[in-house]
Structure formats: C-alpha cells, structure tokens
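Visitor: I would like a close look at one part of this model. Please keep it brisk.

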Amino acid sequence: MNTLNTAPSAVSTSLLEDFSLEMTGKDVPKLQEASGCIPRGTRINVTFLGNENLRMRVDAARAVKRLGFVPVPHISARRLGSRPEFEEFLAALRAEGACDNVFSVGGDPTRPEGPYQDSLALIESGLLTEYGVRHVGISGYPEGHPAISEDILWAALRSKSEALAAQGLDGSVITQFGFDVDPVLAWIEQVRDRGIAIPIRIGVPGPAGVRRLMSYAARFGVGTSASIARKYGLSITNLMGTAGPDRFLGALAEGYDQGRHGDIKIHFYTFGGLRATSEWIARFRKEDLA
C-alpha cells in the first residue's frame, strides 16, 4: 500500500471529520469486526444490490444502528417492483428506527422493474416524508456517467435538489469515486456556480487491491490513464499491489477552498474492506494528532 510521504495536514484531517462509509447487506460480520475503530455516530450507507433481499437490507440497517452508527439505507428506484414493495421497505426501516436517513439512487437495471424510473420519482412520490425520512442523499458524477449524457446529469441534479427542498427534506450529494482531484473540484465549482448549495460528500476509494480498484473504475467510467494512476499512486504494472487514498486526500486538501467549494465531507467506498478502510482513517488521523 502506498504510504504517507508527509504528515497529514490539518486541512486534510479536518475533511475527515464526520466521514461516512459504505457497506453491503452481506457485510455485517465485517462491520462488527471493524466497529472498534469507527467513531460512534458515523454514517454508514447500506447498498441496495440485486442479489440481496429486503430482509437482508433491513437486518444490515439494524446492525448498523445497534453498533452505534447511523444507518443510511440505499433505495434503488429501478429495482423496486411496485409501490407496495417501496412502502414495505420504508415501513420495515421505520420499525427499526432506521428511516431518518436514506440514499436515493436510480440503480443498475436498464429497464425499471416497477413504476419508478429514477431517484427523482422516489423523492416526488411523497412516501419518504410519509414514513419519516428527514435526510436524502443523491448521486453526483464529477467524471460523468457511461450511460447518461452530461446535460441530463446536470438537469437531474438540479431537479432532485429542488424536489428535496419542495418536500421539506434535507439533502446531500455523494459523488462517484475517482482517482484525480482536479475534475472533482472543478465539478464542485460548477455545482456552486449553478446555484446548487447542497452539501457534498466526495467519494473516495478505501485502501484496496489495484486490480479491484481498476475493475470498479472501468465499470463506472472513472479515468485511469497512466498519468492519473501515477498521481494517485496506482501501479498499473503491478496489479497485485494495493493503494490507498493518501495522495488523493493530500491533493484535495491543497485544492479545497471553502469559499468556492462550500460544505464538503468524505465518503469512503470500502469495496468490502471495512476494517482496512477504518484502520487507515484512524491511522491517518492519529498521525496528525501526533
């Protein structure tokens, strides 16, 4: 794994205040294993995958809350087969006290399995407020989306932020992960220039194997040119190696300007490595305190 060349700056560690993590419904044992090095009250997103059922997702949200963290269940619009299925999920989350925060996403299926085409449809359904949701996360794509045009992405971001306000819901954006800080900060400036003031969580890969990182990057259209790989610390000639976000966060701290970029935080895509990511964060922050 790449290591820190210098001590983390006060700015880079301040960006790690109130960071969030991501897990799947199958990752409960991994969360239990990592729980000792995750600050209580940390927001933990629980994904909505096609190979997991309602019970698994709800059980994962329950485990997140039981361990002292804040569950943020994902709701995938195109994976919902019907309005009753949507309501059943929300009701189950509410029964567990895990419905305050959700993340609304369109989802991978090309064709909707039910009446919801995209995450905007979930927000405009009115069901989120009806079941007690108070905060909704939505997606942002600094490097674009392989299947959606830039114009549509910008229109969707504005429509969703306006719909949240109309529903009386707080919101935030979580971006797709990337390896290059420059397009991320440029995109955030565009968000602000368009008058969208919603808080943003920048998606960052947790420490992981290079092969796995490259695989996810190819799937989501994330840039991995030789120059970007070098900048991040990836060795594309050594796919058996590992890499962490040290350099990325350092560059982000250098380029971040609160006046231009507004309120930003960090969201870690753990790719199954909850313990490795949590230990990396704890070590990073400890070095700053030292």
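Visitor: By class, which residues make up the lining of the second largest cavity, and how many are there of each?

Guide: This is a predicted model. The lining of the second largest cavity has four nonpolar, five polar and two charged residues. The charged ones are R43 and R201, because Arg counts as charged. V72, V102, F103 and I174 are nonpolar, because Val, Phe and Ile fall in that class. The polar ones are S20, N45, H135, G137 and S172. Gly counts as polar here, so G137 belongs with them.

Strands supply much of this list. β2 (43-46), β4 (101-105), β5 (135-140) and β6 (170-175) each give at least two lining residues. The volume of this cavity is about 40 Å³. The structure holds two cavities of 30 Å³ or more.

Charged side chains also pair up in this model. A search of the whole structure finds 15 salt bridges. One joins K30 and D27, at 3.9 Å from N to O. K30 is partly exposed, at 37% relative accessibility, whereas D27 is buried, at 6%.

Two others lie within helices. In helix α7 (residues 150-166), R158 and E162 sit four residues apart, about one turn. Their side chains meet in a salt bridge of 3.9 Å, N to O. R158 is partly exposed at 32%, and E162 is partly exposed at 48%. Shared partners link R55, D59, R62 and E96 into one salt-bridge network. Within that network, D59 and R55 have their closest N and O atoms 3.2 Å apart. Both belong to helix α3 (residues 54-66), four residues apart, so about one helical turn separates them.

Conventions. Residues numbered from 1 in each chain as written. Predicted model: local features only at pLDDT ≥ 70, side-chain atom pairs only at ≥ 80, totals over all residues. Heavy atoms only, no water. 1 Å grid on protein atoms, 1.4 Å probe; cavity = no way out; pocket = protein on both sides within 12 Å on 5 of 7 lines; lining within 4 Å. Points joined across faces, edges and corners; volume = space filled by probe spheres on them. Salt bridge = Lys/Arg side-chain N within 4 Å of Asp/Glu carboxyl O. Buried < 20%, exposed > 50% of the residue type's maximum accessible area, 1.4 Å probe, protein only.
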